[in-house]
Structures are given as C-alpha cells and as structure tokens.
Amino acid sequence: MKMKKSNLRRTFLTVLFCGLIITSVSAKAIQNSRIQSSVSRGQERLYGPAEKFQNDPVDFTYAAEKTVHAVVHVKTKSLGSAKNMIDSDNPFYDFFFGDRNITPQPVLGFGSGVIISADGYIITNNHVIDKADSIQVVLNDKREYTAKVIGTDPSTDIALLKIDEKDLPFITYGNSDDLKIGEWVLAVGNPYNLTSTVTAGIVSAKGRNINLLGENSKSPIESFIQTDAAVNPGNSGGALVNTKGELVGINTAIATPTGAYSGNSFAVPVNIAKKVVADLMKYGEVQRAVLGVIIQDVDASLAKSKKIDKIEGVYIAKVVEKGSAAAAGIKEGDVVVKVNDNEINNTASLQEEINKFHPNDKVMVTVMRDNKMKQFEVTLRNMQGRTKMISKEALVGTLGASFEEISAEEKKDLKISHGVKVIELQNGKLKKAGVEEGFIIMEINNKPVVSVDDIRSVIAKTKGGVFIQGIYPDGNVAYYAFGM
C-alpha cells in the first residue's frame with residue numbers, strides 16, 4: 001500500500017512538472033504569437049494593406065480586348081530618288097554607271113496609330129508619316145482608308161491624322177502623371193507588319209531624355225516613359241495602355257544596338273500628346289509656351305561648385321532677355337524645384353510640365369535662391385516672346401508656315417511700308433525654297449503683301465510659279481521662287 005502511494009505521488013509530480021513545461025511553452029508560444037502579430041502590423045504600417053501582397057496574377061485580357069481594335073496599321077509611300085542617294089559629284093559617274101536622273105522609286109514605310117475619337121482622329125508619330133506622299137490606314141477589321149494629315153509636331157514626335165468614318169472604336173485618355181514605377185502596361189501595335197500585336201511589361205522609369213528628337217526639331221520635348229514591354233519597328237505610333245485599357249503613352253522608340261528590341265522602349269506621355277493633339281485640332285499648330293531659360297540638371301559636381309545645399313531641381317544657367325522667366329523676376333543661378341504643386345527633378349520633367357500650358361497661361365514657379373525658397377508667378381510666352389496665340393487662320397498649309405503682320409517699329413527700322421513676317425516654318429514650299437524664319441514677305445508675284453489674307457488670296461489664285469520678294473530683319477533683301 002505504501003508502494004502504491006509512492007507511485008501515485010511520483011506520478012502526480014511528473015504530471016505537475018509536465019504541466020509546468022507545457023504552460024511555459026504555451027506562454028512562449030503566445031508571446032511569440034504576439035511578437036509576430038506586432039511585426040505583421042508593423043509591416044502593414046510600412047507597406048500598406050495586406051491585400052496588396054496577394055499573389056493573384058494580373059489580368060491583361062480586359063485591356064487587350066478594349067484597345068486592340070482601336071490601334072491601326074499606318075502604311076506610307078514616298079517617292080525616293082536614286083539621285084539623292086548618290087554622294088559622288090564625279091562627272092564620269094554618268095559615263096560609267098548611267099544617268100543619275102532616273103525615275104524615282106517608291107519608298108514604303110509602316111507604323112501604328114491610335115484612334116482617339118469615333119469620327120476618325122488618329123495619333124501617330126511624326127517620324128512615321130514624315131515626308132510621305134500618301135498615307136493609308138488599315139483597321140483591325142481590315143477596312144482601309146486614305147488618311148489626311150491634320151498637323152505635326154516634330155518637337156514631341158507627334159502627328160495627327162484623320163480618316164473619313166464614323167462610329168469607330170477608340171481609346172480613352174488616361175493620366176500619365178499617375179503612372180507608378182513598376183506598374184504593368186501593355187504595348188499595342190504592328191511590329192514588323194504583324195498586325196494587332198500586344199506585349200506586356202512594367203514602367204521602368206519616367207522622365208527619360210534620350211536625345212532622340214534633336215535632329216528634327218530646334219526645341220525637342222523629351223520626357224519619355226521607359227518600359228520593358230517588347231517594342232519593335234512598326235510599333236511606332238502605337239498605344240501604351242494601363243491595365244484599365246486607358247491610353248497612357250504613344251510608343252516611339254527603342255534603345256538598341258541591333259535595330260531590334262533589346263529590353264528598353266520609350267513612349268511619349270499621353271499628357272504631352274493630348275495637349276499637342278488638342279492644339280492641332282483647334283489652331284492648326286502647337287501653341288507652345290516656354291519659360292525662357294537655358295537649364296541643366298543639378299548633380300553633385302554642380303551643387304558643389306555653385307554651393308547648392310541639396311541635389312534637386314533644375315539649375316538656370318541663363319535667363320533669356322524678354323522671356324517669361326525674366327519678366328517674372330527669375331534670375332540666373334536660381335534652381336527650379338516646383339511648377340505649381342508638381343516637383344521638378346530634372347530638365348525633362350520641367351519641359352514636360354511647361355509643355356502642358358499655352359502662351360499667356362500663368363504658372364507658379366518655386367525656386368531655390370541662395371538656399372532659400374522663393375515663388376514667382378510667371379506669365380508664359382511663346383518662342384517669339386509673345387503671349388498671343390497664333391490662330392489656325394494664320395497658317396497657310398501649302399506654304400508650311402505661320403505668319404504675322406509686322407509692327408510699326410519694324411517698318412520704321414527697315415524703312416518699309418508693309419510686309420508679313422514668317423514666324424515659324426514647318427515642312428512646306430517656303431522651307432524647301434530656302435526661306436528662313438524672320439523673313440518678311442513684301443511681294444508675291446509683284447503684288448504687295450500687307451496682311452496674311454493677301455498671302456492666302458494670291459496663293460489661292462496662282463497656278464504655276466511663285467516669285468517672292470522680301471527682307472530679313474538685318475536688312476538683307478532676298479528673293480525666292482518655287483512652283484505650285
């Protein structure tokens with residue numbers, strides 16, 4: 001009986017000990033659970049709601065179905081000349097190889113375009129249709145149309161086309177400012193003439209300046225969206241869309257050593273493109289506002305040499321006399337850090353922000369001066385230093401130029417009684433004839449030119465040759481001739 005009591009006592013102590021161990025382990029488990037919960041809550045505070053970490057695959061089918069029918073195939077034809085392709089001026093060339101003045105051969109090109117309205121307005125790249133003699137647009141359902149060029153803007157590499165049709169599928173504008181690094185996007189286009197192709201990637205960077213547009217424009221605006229969506233020749237002018245199927249960019253270029261896609265592609269942000277398009281529709285040309293400064297990025301070396309506290313913003317190396325910035329009180333050495341409420345991180349972002357506005361618009365520019373913040377209200381002007389916008393009526397399409405009547409001061413300085421000044425040149429008769437911006441047209445075919453209407457009237461009635469007489473602001477008289 002004693003033995004049994006002893007065993008009972010030993011058993012009781014064993015159970016009690018085990019219970020203490022279990023209690024201790026449970027307490028540690030609860031404590032660890034509390035620590036883990038705290039870590040999880042901390043992560044939620046740092047990184048956002050837990051649902052953002054779900055591994056659900058991204059669905060691209062909605063965006064693809066919504067956009068593929070609104071992206072068109074753009075085919076161009078231009079007449080090239082073998083003579084233009086020959087560099088040699090050797091007179092013996094013709095003797096050995098034949099006449100260089102042979103019949104021009106057609107040069108074919110292809111690209112993509114984006115329908116942006118049901119009545120047939122289409123965005124594409126300027127380089128897709130530049131110098132084309134004819135432009136054909138093929139829809140995804142294989143319907144084909146001849147397209148008319150409404151306007152072009154080499155500074156952003158955007159062109160606007162129009163086809164005569166109704167009830168077309170189109171893509172709605174998104175907001176490229178809202179794009180996030182790492183966000184999924186789709187490129188829709190016609191690479192290598194393979195129609196209706198969709199590729200996917202992420203936004204790799206924003207505000208990229210790759211020095212692409214300087215060859216075709218005096219004032220290039222580059223603030224590209226960089227993606228790793230596969231883009232190849234033929235994708236130019238096609239759509240970059242988000243997963244909602246909204247247009248966020250126009251695919252424009254690739255960075256490649258081979259001519260084919262190598263991992264990086266670039267698109268014009270839609271916020272730039274839609275402003276260009278709106279101007280072309282309303283005015284016939286882009287109403288571009290400029291700040292009137294020469295700028296450069298702030299880096300460590302510049303910050304050290306100029307004694308700038310923070311490496312941020314855009315440094316103003318020079319202020320243009322009679323420009324927007326100068327009139328507002330901005331000075332050389334100021335560092336632009338904001339336009340309105342938008343932060344400025346590099347030259348591309350400043351160009352993009354100013355490009356959203358028209359001449360005579362007012363913007364609030366924040367600068368750092370002597371490491372102190374200052375704000376200036378700037379009334380923007382155009383490249384000619386004016387706040388007045390150029391109306392569509394002032395553009396004579398055949399001549400490819402914008403005009404304005406000269407001032408009384410200019411008449412007095414040049415000792416002339418009348419004339420109309422060429423203020424901006426695009427591709428057209430005048431540019432091909434050698435006319436430069438600033439030239440004042442005084443006579444066309446021996447008829448005095450007093451107003452833009454005079455130019456329009458004479459050109460409309462002329463069949464054959466055109467002879468222009470005029471003067472440049474420096475007093476040099478010039479004569480030009482071309483055929484209609």
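**Close-up 1. The buried and exposed residues of helix 11 in the predicted model.** Helix 11, which spans residues 452–461, has Val 452, Ile 455, Val 458 and Ile 459 as its buried residues. When the helix is seen down its axis, these buried residues fall within an arc of 130°, and they therefore line one face of helix 11. An α-helix has 3.6 residues a turn, so residues three or four places apart point the same way. On the other side of helix 11, the exposed residues are Asp 453, Ala 460 and Lys 461.

**Close-up 2. Helix 8 within the rest of the structure.** Of the 8 residues of helix 8, 7 are buried, so the helix is largely enclosed by the rest of the structure. The buried residues comprise Thr 347, Ala 348, Ser 349, Leu 350 and Ile 354, together with Glu 352 and Glu 353. Helix 8 (347–354) also supplies at least two residues of the lining of the second largest pocket, which is the subject of the next view.

**Close-up 3. The second largest pocket and its lining.** The volume of the second largest pocket is about 590 Å³. Its lining is made up of 26 residues, of which Val 290, Leu 291, Gly 292, Val 293 and Met 383 are the closest to the centre of the pocket. Strand 14 (293–297), like helix 8 (347–354), contributes at least two residues to this lining. Sorted by character, the lining residues of the second largest pocket divide into 12 nonpolar, 9 polar and 5 charged.

**Close-up 4. Ser 176 and the residues it touches.** Ser 176 lies in the loop that runs between strand 7 (158–162) and strand 8 (184–189). With a relative accessible area of 2%, Ser 176 falls under the 20% cut-off and therefore counts as buried. Leaving aside residues up to four places away in sequence, Ser 176 touches Lys 206, Ile 225, Val 248, Pro 269, Val 270 and Asn 271.

**Close-up 5. The chain as the setting for the preceding views.** The chain contains 11 helices and 26 strands, and 42% of its 484 residues count as buried. Among the contacts in the chain between residues at least 6 apart in sequence, 60% join residues that are at least 24 apart. The accessible surface of the chain comes to about 27000 Å², and 52% of this surface belongs to carbon and sulfur atoms.

Definitions and conventions. Residues numbered from 1 in each chain as written. Predicted model: local features only at pLDDT ≥ 70, side-chain atom pairs only at ≥ 80, totals over all residues. Heavy atoms only, no water. 1 Å grid on protein atoms, 1.4 Å probe; cavity = no way out; pocket = protein on both sides within 12 Å on 5 of 7 lines; lining within 4 Å. Points joined across faces, edges and corners; volume = space filled by probe spheres on them. Helix = DSSP H or I, 4+ residues; strand = E, 2+ residues; numbered from the N terminus. Nonpolar A, V, L, I, M, F, W, Y, C, P; charged D, E, K, R; others polar. Buried < 20%, exposed > 50% of the residue type's maximum accessible area, 1.4 Å probe, protein only. Arc of directions from axis to C-beta. Contact = heavy atoms within 4.5 Å. Areas by Shrake-Rupley, 256 points an atom, 1.4 Å probe, with all protein chains shown as cover.
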